[in-house]
Amino acid sequence: MSPFVEELLIATAKCGLVIFVMLNLFSVMTYIERRTLAFMQFRLGPNRTGPLGILQPAADGIKLFFKEELMPADADRWLFFGAPAVAIAAAFLSVAVVPYGPPFTLFGRELQIQIADLNVGILYIFAITSLGVYGLVLAGWSANNKYSLLGALRSSAQMFSYELALGLSWVGLIMAAGSFRINDIVDHQAGWFHHWNAFRHPIAFIVYFIAATAEVSRIPFDLPEGESELVAGFHTEYSSMKFGLIQMAEYVNMISVAVLATHLFLGGWHPGIPGVASVGAPGFLWFTLKVGAILFVFIWLRGTLPRFRYDQLMDFGWKVLIPVVTVNVFLTAGLILAGVPL
Amino acid sequence: MPIDLVLFYVLGAVAIAASVAMIAQRNPIYSAFALIATLCALAAIYGLLGSPFIAVLQIVVYAGAIMVLFLFVLMLLSVRPEEGPSRSKSLKVAAGALVLVFAAQVTSVVTAAARGTGSATFDASTRQMALKLFSPEFTYTFLATAILILAALVGAVVLAKK
Amino acid sequence: MIPINDALVLSAILFVIGAFGVFLRRNVITVFMCVELMLNAVNLSFVAFSRSLGTLDGQILVFFVMTVAAAEAAVGLAIIMALQRHKETLDVDSFNLMKW
């Protein structure tokens, strides 16, 4: 088989695997989130469908599938149908350049579960986050509904305000690692755990975490789609599978952001203790544990904090986060020039 | 035929089709989305031409910021599809002939020199771009652009205020 | 590898389509979008020539063109919003105060 066909088959297999895992992880996350939130709120959560409520995501999927597909009378057909598609496309595009585990050898080939190892990986992710706004804007506009439009405008303004802080928080790491490739940034953090960027660039980590929570519209930044505000924000008029797609896009975004946090700040698949294996199967274990911890913190935040009001949210993004992260960029640049090993 | 050549022709066709859709659509919001498709196709073509930094920058700046601005303005001004008579037929024919003549002229001048596929050692990585951008050759341009952006920021806020 | 002349021909075609759109359309914002298309066609030309000559000057110019286009889009759209507030219409032909 020619090398081109071989590469094509491997790439197709990787695509299939990543998409399959993401879709299943989405449904598992919905169940885990509801159960964990419930325990935090001193109640039980879904525990009826199947043993311990494990079949709840399946039940939700079946329910969504059979709901009636509504479309408002004067809504713009193409845009109404296209909005969830654009949202999920943007969510999955950013999944393509992130490695989902360490390199491992299989049948004598060195493989890594990463669909595209771009030289400008981090910049590409920044580009795709800026394309994520279109899903929201389209959804809000096409529904021909005041609440939807207001929710969409608020949501997209929040997204691209915090996107700036998100991108700037990465600049310090890129300077320290000297490359835009995600694998290079992960390998820069090998060794003892104090090499992790969370300890070496603490301000960037905090800013990234806050900006990422705002980017995926999680509490405390979920005003645009909060259940008690603006009906349901930009997805007011969506029902059935289109709504399911929008939820899927949101969860996939959240998982992406958690995986990115692990790679950029928590050392990816490195265990933080030199000598412990970090490639192959143990590497997967450390990676999964770290991603799980970050997802748990997202759920914990949801169960604990109230939400920001819209003007407080925008104030915080522009007047606090962006100056802080800009100062961090200058500080990091100065420290690197002075020879501090960051 | 190598895969990147096939991709280039496919993306070129997509870009041309999307831009024709943009000028033909009555609804300005559909035109805006057609333009976004053109810009994304162009970004992919920049990637094929060996410029990853410009490709990503095209998505971040053009498709991700400028077109969002266009869409916001279109939505806030509640722009409806164009009503009223469109241009007269003779004007369309004259404009079409003019632009075709222009295209023929430009193509004949540009394809007169055989350029092949460009230089083999072409390093347009971000590092090389940064070295060139921050070199003394482009310092004045860089600073002037920064002041231009500041002026545009202030100007846009002042002009759009009630 | 991409033949450079093909990229330049594509750039010419996109430019011409944009120019035709500027002649054809009546909505100010659509005309503005066609101008952006022309700018993008020229950017493609720059990148193609940069690849052909092997230097990075073309790409740096593309960087600056994008920045200036962003600034121009911001100010232009602000002007269009101010015009719309004044005249309640976005038809190009209606802004004819300076016509004799």
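**Interfaces between the domains and chains of a predicted model**

Between domain 1 of chain A and domain 2 of chain A, 4 salt bridges are counted. The structure described here is a predicted model, and this contact within chain A makes a convenient place to begin. Chain A is divided into domain 1, covering 1-66, and domain 2, covering 72-337. Their C-alpha centres lie 19 Å apart, and the contact takes 21 residues from domain 1 of chain A and 26 residues from domain 2 of chain A. The two domains of chain A bury about 2,200 Å² between them, with carbon and sulfur atoms giving 81% of that area. On the domain 1 side, the residues that lose the most area to domain 2 are M22(A), F26(A) and E33(A), which together account for 27% of what that side buries.

E33(A) is also worth a second look for its charge pairing. This residue forms a salt bridge with R302(A), in which the closest N and O atoms are 2.6 Å apart. In addition, 7 residue pairs are found in polar contact across the interface of domain 1 and domain 2 of chain A, both residues of each pair being at pLDDT 80 or more. Turning to secondary structure, α1 (3-40) and α2 (56-66) of chain A each supply at least two residues of the domain 1 side that touches domain 2. The most comes from α1(A), which gives 19 residues to that side. By class, the residues on this side of domain 1 of chain A divide into 15 nonpolar, 2 polar and 4 charged.

Which chains share the most contacts? Among the 2 pairs of chains that touch, the most contacts are between chains B and C. Here 82 residues of chain B are in contact with 68 residues of chain C. The area buried between chain B and chain C is about 7,000 Å², and carbon and sulfur atoms give 75% of it. The salt-bridge count between these two chains is 1. In a salt bridge between chain B and chain C, the side chains of K132(B) and D57(C) meet with an N to O distance of 3.2 Å. Polar contacts across the interface of chain B and chain C join 14 residue pairs, with both residues at pLDDT 80 or more. On the chain B side, α1 (3-24), α2 (28-48), α3 (52-76), α4 (89-110), α5 (126-133) and α6 (139-160) each supply at least two residues that touch chain C. Sorted by class, this side of chain B has 52 nonpolar, 19 polar and 11 charged residues.

The other interface of chain B is with chain A. In this case 21 residues of chain B are in contact with 22 residues of chain A. The two chains bury about 1,900 Å² between them, 81% of it on carbon and sulfur atoms. Y30(B), F72(B) and M75(B) supply 29% of the area that chain B buries against chain A, more than any other three residues. How many salt bridges are counted between chain B and chain A? The count is 0, while 3 residue pairs are found in polar contact across this interface, both residues being at pLDDT 80 or more. Helices α2, α3 and α5 of chain B each supply at least two residues of the side that touches chain A. The most comes from α3(B), with 13 residues. The residues on this side of chain B divide into 17 nonpolar, 3 polar and 1 charged. Chain A and chain C, for their part, are joined by no contact, and their closest C-alpha atoms lie 15 Å apart.

A closer view of chain B rounds off the picture. Its domain assignment gives domain 1 (1-81) and domain 2 (132-162), and the C-alpha centres of these two domains are separated by 24 Å. N27(B) lies in the loop between α1 and α2 of chain B. Is N27(B) buried or exposed? N27(B) counts as buried because its relative accessible area is 14%, and the cut-off for a buried residue is under 20%. Leaving aside neighbours within four places in sequence, N27(B) is in contact with D76(A) and P81(B), one partner in chain A and one in chain B.

Definitions and conventions
Residues numbered from 1 in each chain as written. Chains lettered and ligands numbered in written order. Predicted model: local features only at pLDDT ≥ 70, side-chain atom pairs only at ≥ 80, totals over all residues. Heavy atoms only, no water. Domains from an automatic or database assignment. Contact = heavy atoms within 4.5 Å. Buried area = accessible area lost by both parts, 1.4 Å probe. Polar contact = N/O pair within 3.5 Å; in protein donor to acceptor, adjacent residues only side chain to side chain. Helix = DSSP H or I, 4+ residues; strand = E, 2+ residues; numbered from the N terminus. Nonpolar A, V, L, I, M, F, W, Y, C, P; charged D, E, K, R; others polar. Buried < 20%, exposed > 50% of the residue type's maximum accessible area, 1.4 Å probe, protein only.
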